Amino acid sequence: LVKACDARNVENFCDLWITDPPYADAINYHELSEFFLAWYEKRMSEQFPNWYTDSKRALAITGSEDTFRKSMVDCYHNLSQHMPENGAQIVMFTHQNTSVWADLALILWASGLRVTAAWCIATETDSSLKEGNYVQGTVLLVLRKRTSEQTAFLDEIYPLVEIEVKSQLDSMLKLEDKEDPNFGDTDYQLAAYAAALRILTQYKKIEDIDVMYELTKPRRNGDANPIKSIIDEAVKIACDYLIPIGFDAFVWKAITAEERFYLRGLDIESRGEYRSGAYQELARGFGINAYKPMLAGSKANQTRLKTATEFGSRQLGDSGFGNSLIRHALFAVREVARTEQTETGRNWFRNELKENYWNHRKTLIEILKYLGNLGFTNMAHWKEDAKAAHL
């Protein structure tokens, strides 16, 4: 039996509910549901006289404001009331905005549900026909009824989220195939969101956060949101924890956020990631804003970082990335590629770093080694600069 009805009015009891909810206006499901009626409406009435062929647009839960969030709570609360204690719900959720994930956490929390597991799966394949920053993966969340009466405090939540995020990433990394990767950078970020939700939704109450108030209050850009802050921190933990293949873990901890962004950007680029949204999310994860000067281009599906030669002397000496060890290393590589003399690169380090040269020498070697290895990837535009870095 297939029955089309409003989830807020469901009366059937089920052991398992499977939902693919609206994503804060990211997908207009009500329009998609009407698309084929132009062809099917007349035939459906003839073949299935008891089936409806009119639009259900008026019933669609749309928007992203308080009415949308309240309607979502009504739906999930009603479904949770119509499942047994050992029942489960599966929620398919695909979004890269931390605010939307924060809303989802509040919605599930207010509905009396908790996230017990999450699975990241690929829902899109690479295609030259597709353009734009479409999401290639999604998360399947497994929900159970929350039975805990525990209360937690924010200073307890953050360390728990860190442990959960690292555990989630470790389990994914163990499955990873270096020759044919199973997961992209976006998958790891989605996994971080889901890990944060597992911690947040297991408690009946967190400090003095009023769930219904957070759900219904008007939102303005820049407004503080404790749940969003926790999820932002989860993404930052994931970005810091994922070290580019072949890079020294000790050196990774010592470099700046801008330098990590650049190296991770090269890492995902080496795996064929050229969507501008991937770099935008990466920058958000590292908490940096001024990353666009590092890009050689930002067109959809053509985004990548500048090579050492493409940088030239741009940004050199500026605050932040422009004065970092990686930026000095890139300029030294450019000089070696230009003059074909390794001495020009070493002289640059000695003259610019002066008394700090010997303190940074080991880190510089690690950076140059990583840049040199780019010559063995499919990044043809790095071939000459990678050779200079190796020298």
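**A few notes on this predicted model**

1. A good place to start is P293, which sits in the loop between α11 (276-286) and β7 (295-297). Please keep in mind while reading that this is a predicted model. P293 has a relative accessible area of 37%, so this residue counts as partly exposed.

2. What does P293 touch, leaving aside residues up to four places away in sequence? The answer is K306, F311 and Q315. For a longer view across the structure, you could look from P293 to C75: the two are 218 residues apart in sequence, and their C-alpha atoms are 45 Å apart in space.

3. Next, have a look at two helices, α5 (residues 154-175) and α8 (residues 226-241). Two packed helices are described by the angle between their axes and the distance between the axes. Here the axes come within 9 Å and cross at roughly 40°. Angles from 35 to 65 degrees fall in the oblique class, and α5 and α8 are therefore oblique to each other. The crossing in which α5 passes α8 is right-handed.

4. Which residues make this contact? From α5 come L154, I157, Y158, V161, E162, V165, K166, L169 and D170. On the α8 side you will find S229, I230, E233, A234, I237, A238 and Y241. Sorted by class, the contact of α5 with α8 has 11 nonpolar residues, 4 charged ones and 1 polar one.

5. Now for the aromatic rings. How many aromatic pairs does a search of the whole structure find? It finds 11. In one of them, F35 with W39, the ring centres are 5.7 Å apart and the planes stand at 50°, so this pair is tilted. For a pair to be called edge-to-face, the planes would have to be over 60 degrees apart, and for stacked, under 30.

6. W39 deserves a second glance: with a relative accessible area of 56%, this residue is exposed, because the class begins over 50%. Elsewhere among the aromatics, ring pairs link F93, W101 and Y193 into a cluster.

7. Finally, where is Y40 placed? Y40 belongs to helix α2 (residues 37-47). Is Y40 buried or partly exposed? Its relative accessible area is 46%, so Y40 is partly exposed. If you want a distance to check by eye, take Y40 and T53: they are 13 residues apart along the chain, and 8.4 Å separates their C-alpha atoms.

Definitions and conventions: Residues are numbered from 1 along each chain as its sequence is written. This is a predicted model: local features need pLDDT of at least 70, side-chain atom pairs count only at pLDDT 80 or more; totals for chains, interfaces and linings use all residues. Side-chain values use heavy atoms; hydrogens and water are left out. Axes are lines fitted to C-alpha atoms, for helices over the stretch in contact, and angles run from 0 to 180 degrees between N-to-C directions. Helices (H or I, at least four residues) and strands (E, at least two) are DSSP runs, numbered from the N terminus. Angles under 35 degrees count as roughly parallel, over 145 as roughly antiparallel, 65 to 115 as roughly perpendicular and the rest as oblique. A crossing is left-handed if the near helix is turned anticlockwise from the far one by less than a right angle, and right-handed if clockwise. Contact means heavy atoms within 4.5 Å. Ala, Val, Leu, Ile, Met, Phe, Trp, Tyr, Cys and Pro count as nonpolar, Asp, Glu, Lys and Arg as charged, and the others, Gly among them, as polar. Rings of Phe, Tyr and Trp (its six-membered ring) pair if their centres lie within 6.5 Å; planes under 30 degrees apart count as stacked, over 60 as edge-to-face and the rest as tilted. Buried means under 20% relative accessible area, exposed over 50%, partly exposed in between (1.4 Å probe, protein chains only).
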